[in-house]
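Biologist: Hello! I am new to this one, so could you show it to me and walk me through it?

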Amino acid sequence: MRAPSWLPMPVRRALRPVRRYWRVLARHLTRYSAPVRRAWRRSLQLRVVTLTLLASSLLVGTFGGFIADRSAEILLSRAEEDASAAMAKKVEYALKQLTLYPQARDPELPSALVDVVNDLFDGENAVRGTAIISIRAEHHPDLAAVTVPKNDTSDLITPEMISAVSGDRGGLNRQIRTAEINGQTAKYLVYGSPVPTKFGHVELYYMVPLTSEDQDANLIRATVLATGLALVILLGVVAGLVTRLVVTPVRVAARTAQRLSAGLLDQRMKVDGEDDLALLAAAFNQMAANLQRQIVRLEEMSRLQRRFTSDVSHELRTPLTTVRMAADLIFSERDEFDPAVARSAELLQAELDRFEELLTDLLEISRFDAGFAALDAEHSDLVPIVERVAERLTGLADRVGVTLELNLPDTPVIAEVDPRRVERVLRNLVGNAVEHGEARPVQITMATDGAAVAITVRDHGIGLKPGEERLVFNRFWRADPSRARQTGGTGLGLSISVEDARLHGGWLEAWGSPGEGAQFRLTLPVRAGDRLVAAPLPLIPRDRTAEVS
């Protein structure tokens, strides 16, 4: 939460503690709510039950409130009907009794008002025994107001009501008031009506307590609340049970799938009944059985393939050794042969070297396919490894007119790697760069950031077409099949190199552009087993990036 820049500086300074406390509060809320959020994400049953409880609470609360309010309105309406009927009878009785007095100054009129009020109060129903009856004469100040029982009714009979009842156009008036009578606060239904007499009219007020109606309404509300709460809890329990019936088989299927993925191919789900869940379990078991048969068949095929490769390699080694001995003898005596025969001896020697290299690469690929390749990691300085690879390929580079340029750190770069495999990867990368370098320099660059080591090999040859940066790592793939090989490669070098990089937990990536060359980047973690996040060197060459920008 940042204060807007348009606020004055004093206001922004005053808001700084608020922002600080807000960040602390948000951090604490995030930390303490983490278990709840984790449970919400992981539990389908919790989400279903919670949403059911919320929806049912909203629904029951809405209908319960409507029923309670409607019941209170009905009770009040009945009380108003009863009070209105009683008020009409009381006005009629008071009119009969007071018509006997033609003048307001009649000495017997005050006592007559008292008798009328007492008679009206005595006629009240026992249930309404706490009702209050009052007669006033606003137009005759000499006549005192009479109230039974004698209570202060100033909070019940308001001046507005007195004016509405005693006015020239006065008539029946009704209102609901809350007042404290005899130390108890209660709600009253107050009726006021003029009583016409020969000397004018007086005002009769009938105040009915709504205590029983309030009690009945509160009882109805409590009953609706208790019933709604019980209904919500019942719906939650039902939702939990129903969800459990559905979620439990899904959880069992998930656990069974995890065991299957861990290699326990004999795991199966229990099938109960003939419903949809039983159908799911049966289908899952059928799938697991098919997978088991397929995996067993593939494992058997893989075992036969590995055995076939091993047998073929051993069988090829013996004749190859014999042919190698004869070829070496012929090659050593080639100076005594005719030029054509001597050239054939040289070609035979070269192809035998390539055949031995191909056989070695095939055996290495078969070990990767079988999962038998092991990493012999040790703490090694990568700088001498790069220098050694460049030194061994200098002769080839000189023959094709390529210059190897090294850009290495001045200090040792120590990493936990397998030196033999790293050297093989670099030999393949530099050899390919020399072969495709088109007699232009090849740059070898190394950098480290403490967590990873990156080595890039950049050439300025024919480059790669769009999409070929992924195909170069396929086995026996060549960008131009008609192009003659200068190094006598087998077509498996980059495939083995990418497997060596993965065995280290690293990356081997390629970039290329037609006519602008290519760059390969090998990224390895400094500590074996660490996960790579970024590489110290970019995949796209810096010179290419500068041209684009």
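Modeller: Gladly! Accessible areas come from the Shrake-Rupley method with a 1.4 Å probe, and for residues only the protein chains shown count as cover. This is a predicted model, where local features need pLDDT of at least 70 and side-chain atom pairs count only at pLDDT 80 or more, while totals for chains, interfaces and linings use all residues. Residues are numbered from 1 along each chain as its sequence is written, and side-chain values use heavy atoms, leaving out hydrogens and water.

Biologist: What share of the area that the protein chain exposes do carbon and sulfur atoms supply?

Modeller: The protein chain exposes about 33,100 Å². Of that area, carbon and sulfur atoms supply 57%.

Biologist: Why is the protein chain described as more spread out than a compact globule?

Modeller: Its C-alpha trace spans about 170 × 75 × 40 Å along the principal axes. For 549 residues the globule rule (2.2 Å times the number of residues to the power 0.38) gives 24 Å. The chain is more spread out because its radius of gyration, taken over C-alpha atoms, is well over that, at 51 Å.

Biologist: Which helix gives the largest share of the largest nonpolar core?

Modeller: Such a core joins buried (under 20% relative accessible area, 1.4 Å probe, protein chains only) Ala, Val, Leu, Ile, Met, Phe, Trp, Tyr and Cys residues through side-chain atoms within 4.5 Å. This one has 41 residues, and Leu-382, Leu-426 and Val-430 are among those touching the most other members. Seven of its residues, the largest share, come from residues 419-435, helix H11.

How values were computed:
Buried means under 20% relative accessible area, exposed over 50%, partly exposed in between (1.4 Å probe, protein chains only). Helices (H or I, at least four residues) and strands (E, at least two) are DSSP runs, numbered from the N terminus.
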